[in-house]
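Q: Please show me the structure, and then explain how each label in its description is earned.

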Amino acid sequence: MKDETKGIFEELFSRYPALEACRADVAAAYETLLATYRAHGTVFTCGNGGSASDSEHIVGGLPKKVKKHRDTPGGPRAQPRGQGAGGA
């Protein structure tokens, strides 16, 4: 983990001390997301009710943090089948 990332983690746990109990889980989730990104993988999120809203916020926020452009299968604007221009 880079020093910058370690600093972000320390800030997170100092702001929200209750998260200290799950520090290892948060770090493992970070490592999983990083490995998936490096492997050009896909992260799927889902939820029902409030969890669906959380899921949408995660999906909307992750691309804003990616500084480097990378090609994705199907092109930069690939969409699920049945959606997109003219689809419903």
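A: Helices (H or I, at least four residues) and strands (E, at least two) are DSSP runs, numbered from the N terminus. By that rule the protein has 3 helices and 0 strands, in the order α-α-α from the N terminus on. Cysteine 46 lies in the loop between helix 2 and helix 3, and histidine 40 is found in that loop too. The model is predicted, so local features need pLDDT of at least 70 and side-chain atom pairs count only at pLDDT 80 or more, while totals for chains, interfaces and linings use all residues. Residues are numbered from 1 along each chain as its sequence is written, and side-chain values use heavy atoms, with hydrogens and water left out.

Q: Why is cysteine 46 called exposed, and cysteine 22 partly exposed?
A: Buried means under 20% relative accessible area, exposed over 50%, and partly exposed in between (1.4 Å probe, protein chains only). Cysteine 46 has a relative accessible area of 71%, so the word for cysteine 46 is exposed. Cysteine 22 has 25%, so cysteine 22 is partly exposed.

Q: How many disulfides are there?
A: A disulfide is a covalent bond between the sulfur atoms of two cysteines. The test used here is a pair of cysteine sulfur atoms within 2.5 Å. By this rule the count is 0.

Q: Which residues is cysteine 46 in contact with, leaving aside its neighbours within four places in sequence?
A: Contact means heavy atoms within 4.5 Å. On that basis cysteine 46 is in contact with Ser51 and Ser55. Cysteine 46 and glutamate 56 are 10 residues apart in sequence, and their C-alpha atoms are 8.1 Å apart in space.

Q: How do you know that the span of helix 1 agrees with what it should be?
A: The expected span is 1.5 Å times one less than the number of residues. Helix 1 (residues 3-15) has 13 residues and should therefore span 18 Å; its end C-alpha atoms are 18 Å apart, which agrees.

Q: Which residues of helix 1 are buried?
A: They are Thr5, Phe9 and Phe13. These residues cover an arc of only 70° around the axis (the arc is that of the directions from the helix axis to the C-beta atoms), which puts them on the same side of helix 1. Among what covers them is helix 2 (23-38). The face turned away from the buried side carries the exposed residues Asp3, Glu4, Ile8, Ser14 and Arg15.

Q: What makes two rings an aromatic pair, and how many pairs are there?
A: Rings of Phe, Tyr and Trp (its six-membered ring) pair if their centres lie within 6.5 Å; planes under 30 degrees apart count as stacked, over 60 as edge-to-face and the rest as tilted. The structure holds 2 such pairs. The rings of phenylalanine 9 and phenylalanine 13 have centres 6.1 Å apart and planes at 50°, so this pair is tilted. The rings of phenylalanine 9 and tyrosine 30 have centres 5.6 Å apart and planes at 75°, so that pair is edge-to-face. Phenylalanine 9 lies in helix 1 and tyrosine 30 in helix 2, so the pair ties together parts 21 residues apart in sequence. Phe9, Phe13 and Tyr30 form one aromatic cluster.

Q: Why does phenylalanine 9 count as buried?
A: Its relative accessibility is 11%, so phenylalanine 9 falls in the buried class. Tyrosine 30, at 24%, counts as partly exposed.
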